[in-house]
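Work through the exercises below with the sequence and the 3D view at hand. Try each task before you read its solution.

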Amino acid sequence: MASKQINGGMLLLARKRRRKTQKDLAAETGVAQAAISRVENGTKDVLSHEEIQSIARFLGFPVSFFFEQEPLYKTPLSIHGAAFRKKSAVSAKDQGAVVALANHLVLHLRRMLEAVDLEPQFPLLQFEVVDDKSSVSEHARAVTSAAEAAQKVRKSWQLDDGPLPNLVKYIEATGVFVVQGNFGGADIDGVTIRPPGMKPVVVLNEDRPADRKRFSLAHEYGHVILHPFPYDAMEKEANEFAAELLTPAKGVLPDLKKPLTIPRLGQLKLKWRVAMAALIYRAKALNAITDQAATSLYKKMSYYGYRTREPDEFSIEHEQGYLSTQLLELHTEDLGYSFDELADALRTFPTELAEMHGLKPPDQRPKPKLKLVIGGEL
């Protein structure tokens with residue numbers, strides 16, 4: 001029995017989400033690999049209703065997911081992480097799964113935004129690093145460095161040169177979504193997607209330490225602010241932007257000029273909310289310490305195992321995004337959707353929807369209590 005043509009982009013997204021190859025899918029469902037390939041490539045092959053159901057069961061998605069007319073599978077503006085300095089350390093399967101997760105989250109957010117008008121508190125500024133300010137493109141303002149762009153962003157947020165208390169809060173106040181996800185062990189820190197018709201979406205690896213997530217978020221926001229398209233210098237510029245955004249030179253330099261020891265680095269970490277190792281690097285970059293002094297501090301951190309995991313007593317709390325949670329709450333509390341109804345509208349099973357947005361699964365949520373009034377009129 002023939003069925004309506006499914007969206008090949010959704011099939012590709014679902015398959016990548018589950019880290020499955022076309023060969024895996026064909027072997028488990030009985031659908032010919034050639035047919036799967038043609039559907040994903042957008043040809044006119046039509047799968048039977050039974051084939052579509054078999055694919056949906058194996059990949060763990062509602063059948064309706066595959067008919068969703070979301071724009072085709074999108075590539076990220078940026079993929080950030082230590083592993084991408086040695087790309088072979090991250091498999092193509094892991095990369096694909098993380099990008100697919102980001103696309104899946106975009107599908108949720110886009111659908112929920114249909115009922116909401118976002119009114120950002122701060123503008124989402126756009127800059128371009130140029131040598132000649134007359135050559136800047138129309139969409140951006142000219143800056144001579146990524147650090148200058150970070151300074152202008154902080155000024156737009158009405159901040160002085162002190163520590164930035166909650167980076168997620170300020171970034172989401174510009175309309176950019178910040179969500180955390182399960183990257184399945186992939187050695188990736190974060191990924192940014194700029195969907196057509198939407199503000200960018202930054203997805204961070206939920207398993208990273210809080211200080212590392214903050215730097216990754218600042219780095220990704222640097223891409224959002226500075227890079228409408230990729231080019232060779234973009235990673236260096238994003239790192240420079242992140243360093244100045246989190247530890248502005250005028251504010252942090254007096255702290256870094258004082259003698260740096262491991263305990264003092266820990267205290268500065270609690271103040272500036274960046275990693276101890278990042279503070280050493282920043283001190284060296286700002287010429288507050290010599291290369292020899294930086295090397296000595298790095299060696300001490302290695303000796304105590306702090307290059308792998310910094311001391312728990314200097315840990316900072318994790319920052320959580322709130323925009324996606326507010327969208328979910330608006331639909332369930334204000335618009336009257338049950339969680340199951342919302343999951344159905346978002347083409348995702350309820351348990352996975354809860355997991356993707358950091359919520360308790362529906363069957364683990366406390367049930368509302370009835371109030372029994374005793375006494376009354378006698």
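The exercises cover aromatic rings and a domain interface in a predicted model.

**Exercise 1. Classify the ring pair Phe-122 and Tyr-170: stacked, tilted or edge-to-face?**

Solution.
- Start with the overall count: the whole structure holds ten aromatic pairs.
- Take the distance. The ring centres of Phe-122 and Tyr-170 are 6.1 Å apart, and the limit for a pair is 6.5 Å.
- Take the angle. The planes meet at 15°, and planes under 30 degrees apart count as stacked.
- Conclude: Phe-122 and Tyr-170 are stacked, because their planes are at 15°.
- Now place the residues. Phe-122 sits in the loop between α5 (92–113) and β2 (127–129), and Tyr-170 sits in helix α7 (residues 167–172). They are 48 residues apart, and the pair links distant parts of the chain.

**Exercise 2. Classify the pair Trp-157 and Tyr-221, and say where each residue lies.**

Solution.
- The centres of Trp-157 and Tyr-221 are 5.9 Å apart, with 35° between the planes.
- That angle is neither under 30 degrees nor over 60. The pair is tilted.
- Trp-157 belongs to the loop between α6 (146–156) and α7, Tyr-221 to helix α8 (residues 210–226).
- The two are 64 residues apart in sequence, so the pair ties those parts together.

**Exercise 3. Are Phe-122, Tyr-170, Trp-157 and Tyr-221 buried or exposed?**

Solution.
- The cut-off for buried is under 20% relative accessible area.
- Phe-122 has 10% and is buried.
- Tyr-170 has 18% and is buried.
- Trp-157 has 2% and is buried.
- Tyr-221 has 1% and is buried.
- Add one more residue to the picture: these four and Phe-241 form one aromatic cluster.

**Exercise 4. Describe how domain 1 meets domain 2.**

Solution.
- Set the bounds. Domain 1 is 1–69, domain 2 is 73–246 + 321–360, and domain 3 is 250–316.
- Find the spacing. The C-alpha centres of domain 1 and domain 2 are 29 Å apart.
- Count the residues in contact: 14 from domain 1 and 19 from domain 2.
- Give the area. The two domains bury about 1,500 Å² between them, with 60% of it on carbon and sulfur atoms.
- Name the main contributors. Of the area domain 1 buries against domain 2, 43% comes from Arg-17, Arg-19 and Glu-68, more than from any other three residues.
- List the polar links. Five salt bridges cross this interface, and seven residue pairs are in polar contact between the two domains.
- Look at Glu-68 again. Glu-68 forms a salt bridge with Arg-111, with the closest N and O atoms 2.3 Å apart.

Technical notes:
Residues are numbered from 1 along each chain as its sequence is written. This is a predicted model: local features need pLDDT of at least 70, side-chain atom pairs count only at pLDDT 80 or more; totals for chains, interfaces and linings use all residues. Side-chain values use heavy atoms; hydrogens and water are left out. Rings of Phe, Tyr and Trp (its six-membered ring) pair if their centres lie within 6.5 Å; planes under 30 degrees apart count as stacked, over 60 as edge-to-face and the rest as tilted. Helices (H or I, at least four residues) and strands (E, at least two) are DSSP runs, numbered from the N terminus. Buried means under 20% relative accessible area, exposed over 50%, partly exposed in between (1.4 Å probe, protein chains only). Domain bounds come from an automatic or database domain assignment. Buried area is the accessible area (1.4 Å probe) that two parts lose on being put together, summed over both. A salt bridge is a side-chain nitrogen of Lys or Arg within 4 Å of a carboxyl oxygen of Asp or Glu. A polar contact is a pair of N or O atoms within 3.5 Å; within protein, one must be able to donate a hydrogen and the other to accept it, and residues adjacent in sequence count only if both atoms are side-chain atoms.
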